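Biologist: I should like to understand how the labels given to parts of a structure are justified. May we go through them one at a time?

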Amino acid sequence: MQLGLIGLGKMGGNMRQRLREGGQTVLGYDRDPEISDAASLAELVEKLDAPRTVWVMVPAGAATQSVIDNLSRLLSPGDIVADGGNSRWTEDIKHAEQLSAMGIGFVDVGVSGGVWGLKNGYALMVGGAKEDVARLKPAFNALKPEGRYGYVHAGKVGAGHFAKMVHNGIEYAMMQAYAEGWELLEKADSVANVTDVFRSWQEGTVIRSWLLDLAVNALDEDEHLDRLRGRAADSGEGRWTVEAAIDHAVPLPAITAALFARFASRQDNSPQMKMIAALRNQFGGHAVETSTASSTVSPGTEGLRVRSVLDRPRTEEGT
């Protein structure tokens with residue numbers, strides 16, 4: 001299929017490559033002319049054959065709304081827009097109604113895979129009408145991991161991003177549990193090699209997971225995480241998960257506590273948040289802060305993406 005892809009950052013750029021490797025025709029647009037296949041959104045739309053399919057991969061909120069507004073003026077009835085960013089599910093409903101008034105279809109896609117997605121594939125959680133989702137199946141098949149799973153049509157518009165939001169809430173709680181266990185092991189005088197304890201859990205235990213593998217990667221690069229500051233940002237989806245739990249009267253004590261722990265990390269240099277920061281860097285390439293004013297750190301096996309504590313905070317992308 002032919003696809004227009006808007007936003008060629010660390011996720012979008014890798015997705016363009018994986019789609020092309022999967023036999024799809026992709027024309028990308030980005031504000032950076034060095035990586036863009038079109039000089040403007042209008043030119044991108046002009047280059048696409050009707051009926052057009054456009055996939056949006058820009059930060060949630062104002063940036064996504066701006067792109068949707070522009071596409072509503074540039075596209076034609078019968079075209080379709082997919083939002084693969086981390087938009088809130090309530091925004092999906094608004095975007096679908098806005099585009100539907102112009103005869104344009106809308107699909108929301110929760111995308112998980114981070115910086116590893118190019119190699120391993122992206123888990124895709126999709127919301128939208130059955131006929132609109134069917135139009136995008138070739139792209140979904142190219143992006144998803146090998147095997148039977150990794151893709152789901154979760155339900156109507158908003159369901160894809162709702163499912164991705166809950167996924168990220170669970171991710172918060174899992175990372176917090178590993179971080180708390182790591183800090184306790186570090187504090188125990190009787191434990192001589194915390195990294196190898198984590199490594200021993202990778203086979204045969206009920207807590208083995210990809211996050212555990214990434215924790216071992218991080219500890220191999222920086223045994224005591226001394227190079228990191230104990231501060232972790234939240235991408236917004238943890239907050240939305242807790243808010244949705246309140247709306248539905250569903251108790252989420254572990255996820256809520258994990259979210260609040262991130263808030264606490266902004267007050268103190270938390271040892272647990274060093275592990276959270278390291279894990280976020282490992283799976284999503286999220287920026288980490290060094291424990292000193294230095295803005296450079298020697299990379300490990302995968303390389304840390306580092307910023308100084310003196311740098312201006314940047315908006316974090318979800319995974």
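Modeller: Let us begin with a definition: a salt bridge is a side-chain nitrogen of Lys or Arg within 4 Å of a carboxyl oxygen of Asp or Glu. Please keep in mind that this is a predicted model.

Biologist: Why is the pair Arg-199 and Asp-196 called a salt bridge?

Modeller: The closest N and O atoms of Arg-199 and Asp-196 are 3.0 Å apart. The cut-off is 4 Å, and therefore the pair qualifies as a salt bridge. Both residues lie in helix α9, 3 residues apart, which is about one turn of the helix.

Biologist: What makes Arg-199 and Asp-196 partly exposed?

Modeller: The relative accessible area is 32% for Arg-199 and 38% for Asp-196. Partly exposed lies between under 20%, which is buried, and over 50%, which is exposed; therefore Arg-199 and Asp-196 are both partly exposed.

Biologist: How do you know that Glu-43 and Lys-47 form a salt bridge?

Modeller: Their side chains meet at 3.3 Å, N to O, and the limit is 4 Å. Glu-43 and Lys-47 are 4 residues apart in helix α2, so about one helical turn separates them. Glu-43 has 28% relative accessibility and Lys-47 has 40%, so each counts as partly exposed.

Biologist: Where in the chain are Asp-37 and Arg-16, and what makes them a salt bridge?

Modeller: The distance from N to O is 3.0 Å, and the limit is 4 Å; therefore Asp-37 and Arg-16 form a salt bridge. This pair links distant parts of the chain, 21 residues apart: Asp-37 is in the loop between β2 and α2, and Arg-16 is in helix α1. A network of salt bridges links Arg-16, Arg-20 and Asp-37.

Biologist: Why is Arg-16 called buried or exposed?

Modeller: Its relative accessibility is 12%, and buried means under 20%, so Arg-16 counts as buried. Its partner Asp-37, at 26%, is partly exposed.

Biologist: How many salt bridges does the rule give?

Modeller: The count comes to 13 salt bridges.

Biologist: What is the span of helix α10, and what is expected?

Modeller: Helix α10, residues 210-221, has 12 residues and reaches 17 Å from its first C-alpha to its last. This is close to the 16 Å expected at 1.5 Å a residue.

Biologist: Which elements cover the buried residues of α10?

Modeller: The covering elements include α8, α9 and α13. Among the buried residues of α10 are Leu-211, Val-216 and Glu-221.

Definitions and conventions. Residues are numbered from 1 along each chain as its sequence is written. This is a predicted model: local features need pLDDT of at least 70, side-chain atom pairs count only at pLDDT 80 or more; totals for chains, interfaces and linings use all residues. Side-chain values use heavy atoms; hydrogens and water are left out. Helices (H or I, at least four residues) and strands (E, at least two) are DSSP runs, numbered from the N terminus. The expected span of a helix is 1.5 Å times one less than its number of residues. Buried means under 20% relative accessible area, exposed over 50%, partly exposed in between (1.4 Å probe, protein chains only). Contact means heavy atoms within 4.5 Å.
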